[in-house]
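Here are some notes from a read through the model, set out as numbered points. I hope they are handy while you have the coordinates open.

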Number of protein chains: 2
Amino acid sequence: MSTGLPMTVPDPSLPARVRIHEVGPRDGLQNEKTVVPTEVKAEFVHRLAAAGLDTVEATSFVHPKWVPQLADAEQLMPMLGDVPARLPVLVPNQRGLDRALALGAREIAVFGSATEAFAKANLNRTVDESLAMFAPVVAAAREAGARVRGYLSMCFGDPWEGAVPIEQTVRVSRRLFDLGCDELSLGDTIGVATPGHVTALLTALNEAGVPTGRLAVHFHDTYGQALANALAALRHGVTTVDASAGGLGGCPYAKSATGNLATEDLVWMLNGLGVSTGVDLGLLTATSVWMAGHLGRPSPSRTLRALSHQEP
Amino acid sequence: MSTGLPMTVPDPSLPARVRIHEVGPRDGLQNEKTVVPTEVKAEFVHRLAAAGLDTVEATSFVHPKWVPQLADAEQLMPMLGDVPARLPVLVPNQRGLDRALALGAREIAVFGSATEAFAKANLNRTVDESLAMFAPVVAAAREAGARVRGYLSMCFGDPWEGAVPIEQTVRVSRRLFDLGCDELSLGDTIGVATPGHVTALLTALNEAGVPTGRLAVHFHDTYGQALANALAALRHGVTTVDASAGGLGGCPYAKSATGNLATEDLVWMLNGLGVSTGVDLGLLTATSVWMAGHLGRPSPSRTLRALSHQEP
C-alpha cells in the first residue's frame, strides 16, 4: 500500500469525532461457528483496546444454552480488569445482570425487537412482554450505577414482516428510552436499510423527542449497504457507530448470512473524511488477521483484505 | 426475501433518475481469468439490456495480445445488432476505431490516466503522449458521428504515486474534454477514494468549468467504499454511475484485486432511495447468477448473494 492513502479530505457536514462501539468479541464471536478459547478472547479485547477502540463489547451473559460461544463470560471478565476501554456486556435478564455486576461490569446492554415476529423468534415473547422483562433489569442496572445500552433489532425490515413502518420502530424506541436506557443502538439486523430510510428514521426519532446524541447505528452488510448507511447516519449527526473487527459475525459466504459492518472499512472511510476515531488501522488490521487465523477463515472486510493481501 | 424490501424512502437531495453505465461485458470480463465463449458474451449483453440496462459497454478493440479475453470483438459485434441499448466499445487507437466503426459502433471510449506512473505502466507513454495519441482518435470518432466517452484512471490514488492531487486530476480531465470527449468517467482504479474526496474532486471540476452532467463515476470496491462514494457523487448531482453486473472484474479473493462496484448493490440502494434506473433487479440477478456459472466462481456482490442465496 502506498503511503498517504486514503487522502484526507474533510467534509464539514460531518461530526469531527465518531465513537466506534466495537462489537466483535460479543456480536461477532457469538455468531461464528468456531468457539474461541477464553485466553484468545481476552487477548482479542486487549488488542482491540490497544488499537484505540475505546468501547469494546466484551461478552454476553445470555444462557450458554443459547449462546455456547460465549459460555465463558465468568472466566473472561476477570482477565479484562486492566483493559483501558469501556467494556459493556449483554444481559438478557435479572440473573444475567446479577452475574455481570458481580464480575464488575459497569455497562450493560439489553436486546429488544422492533417487530413482533422477531420478538417471538428470538425472545419467545411479545414486544410488550419483552419490554416488561427488561424494565426491572434496566432499573436495577441504573440503581447499581451501570450505564445501559438498548439494542433494537429489525428497525428497518424483518424476514417475516418485510418492511417495518418507521412509526413502529419509533414507538418501541421511545419505550426503551422510557425504561431508562441511556443509549439506543438501531439495528438493521438483516441489512435491508438504504440511506434515505436511515435518515427518515433518525428524523422521526428526533421529532418524537429522542436526541441524536443518544442514538447509535448498527448496520449489517448483507446487501452491501452498511457503509453507505453509516455515512447517511453521520450526515444526520450520529456520532456512535457499531462495527465488528474484521466483519466478524455472520459469514458472508453462508446462506442468508448477515455480516456486521467491518470496523476496518468504517475506519478507512472515516480516516479519509478526517473524522477522528482514535483507532490505529495498522494495529486493528493486525488484530483481525490474527483472529481470522484462530477462526480458520478469511475476513469479509474488504479493507482488511486489501491491507493484508489476505488470500481466501 | 420478504416482499416490500427495500422500503422506498426517497431523498429529495438526490437525482430522480440515474443512468447506470454497465461495464460487465467489457471491464468485467476483461479482468476475469476465464475466457467466456462469444455466444455467452452475446447472450450476456442481450440479457443485461432485457433487464433494463440502457447502456452496456460491449467489448474492447484493444489488441488481443493485451486483452485476450476480448479478442473476439469482431465476432461479437454482429451478434448485438438488435440489442435495445447503447453499446459503447473501448478503442485504444486509430486502428481500433476503424475496426469498431466498420462494425457499426455508435459510441466509443478512450482510456487515459491521471498519473504519469500508470500512463507509463498501462500505455507505455507519458500523460502528454497518451493525450496526443487520443486526439486524432477522438476527432475521427466525432467526425464519424460517434459519441465519445473518456475514462480517466487513478483519479484519487495510484499504487506508485500514492494520493493524487485534485488539481492534477482536474488538469488531465480538462484536457480530455478539450480533445472532444462528450463524457468523462472518473475512475478510482485502486478503490482508495472516500466520500469527501469524491465531493471535493467534483467541486473542483465544476470550478474548472466542467458541468456535472458530463461526468460519470467509476468506483472500485477494494476497500469497501464504492457504494458510499457513489452516494456522495449522487448527492453532488452526478447522474451516471458505472457498475459491473455481479461485481465482475477483479476477483475480491485474489491478491491486490480491485473489483468493480456491483450493479446489484447499486440498484438495491437506488431502489430504496426511490431513484429510477429502469433496471429489474430480479432479471439482473438471474443474469449474474447465470454468468457466475460460466465463470465458475461466486459473485462478490453482496446483494446478489443475498437474493440468490449463492454458496461459495
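1. Let me begin with D54(B), which counts as partly exposed because its relative accessibility is 29%. This is a predicted model, so please read everything below in that light. D54(B) sits in the loop that joins α2 (38-50) to β2 (55-56) in chain B. Setting aside neighbours within four places in sequence, D54(B) is in contact with R17(B), R19(B), I20(B), A85(B) and R86(B). H21(B) is 33 residues away from D54(B) in sequence, and their C-alpha atoms are 7.7 Å apart.

2. V241(B) belongs to strand β11 (residues 240-243) of chain B. Is V241(B) buried or exposed? V241(B) is buried, with 1% relative accessible area. Not counting residues up to four places away in sequence, V241(B) touches V18(B), R19(B), I20(B), H21(B), V217(B), A230(B), L234(B), L261(B) and L266(B). R19(B) and I20(B) are thus among the contacts of V241(B), and they are also among those of D54(B). From V241(B) to T277(B) the C-alpha distance is 10 Å, with their positions 36 residues apart in sequence.

3. Next, a helix pair in chain B. The axes of α10 (residues 263-273) and α11 (residues 281-295) of chain B come within 10 Å and cross at roughly 165°. That angle is over 145°, so α10(B) is roughly antiparallel to α11(B). The crossing of α10(B) and α11(B) is left-handed. On the α10(B) side the contact involves T263(B), E264(B), V267(B), W268(B) and N271(B), and on the α11(B) side L281(B), L284(B), T285(B) and S288(B).

4. How many residues of α10(B) are buried? Ten of the eleven are, so α10(B) is largely enclosed by the rest of the structure. The buried residues are T263(B), E264(B), D265(B), L266(B), V267(B), W268(B), M269(B), L270(B), G272(B) and L273(B). One of them, L266(B), is a residue that V241(B) touches. Just after α10(B), G274(B) takes a positive phi of about 70°.

5. Some backbone angles deserve a look. Most residues other than glycine have a negative phi. N124(A) is not a glycine, yet its phi is positive, at about 55°. N124(A) lies in the loop between α5 (116-123) and α6 (127-143) of chain A, and N124(A) counts as exposed because its relative accessibility is 53%. M154(A) is also a residue other than glycine with a positive phi, near 60°. M154(A) is found in the loop between β6 (147-153) and β7 (157-158) of chain A, but M154(A) is buried, with a relative accessible area of 3%.

6. Peptide bonds come next, and most of them are trans. In chain A, the bond from L5(A) to P6(A) is cis, with omega near -5°. In chain B, the bond from L5(B) to P6(B) is cis as well, with omega near -5°. P6(A) falls in the segment before β1 (19-22) of chain A, and P6(B) in the segment before β1 (19-22) of chain B.

7. What about disulfides: how many does the structure hold over all chains? There are zero. A disulfide is a covalent bond between the sulfur atoms of two cysteines. The sulfur of C181(A) is 12 Å from the closest cysteine sulfur, in C155(A), which is too far for a bond. C181(B) tells a matching story: the closest cysteine sulfur, in C155(B), is 12 Å from its own, again too far for a bond. C181(A) counts as buried, at 0% relative accessibility, and C181(B) is buried with a relative accessible area of 0%.

8. Finally, the relation between the chains. A turn of 180° and a shift of 0.0 Å along the axis lay chain A on chain B with an RMSD of 0.0 Å. That is the relation of a two-fold axis. Which residue of chain A comes closest to the rotation axis? A228(A) does, with its C-alpha at 2.1 Å. As for the interface, 100% of the interface residues of chain A are also interface residues in chain B, so the copies meet through the same surface.

Key:
Residues numbered from 1 in each chain as written. Chains lettered and ligands numbered in written order. Predicted model: local features only at pLDDT ≥ 70, side-chain atom pairs only at ≥ 80, totals over all residues. Heavy atoms only, no water. Helix = DSSP H or I, 4+ residues; strand = E, 2+ residues; numbered from the N terminus. Buried < 20%, exposed > 50% of the residue type's maximum accessible area, 1.4 Å probe, protein only. Least-squares fit on C-alpha atoms with pLDDT ≥ 70 in both. Contact = heavy atoms within 4.5 Å. Disulfide = S-S within 2.5 Å. Axes fitted to C-alpha atoms, helices over the stretch in contact; angles between N-to-C directions. Parallel < 35°, antiparallel > 145°, perpendicular 65-115°, else oblique. Left-handed = near helix turned anticlockwise from the far one by under 90°.
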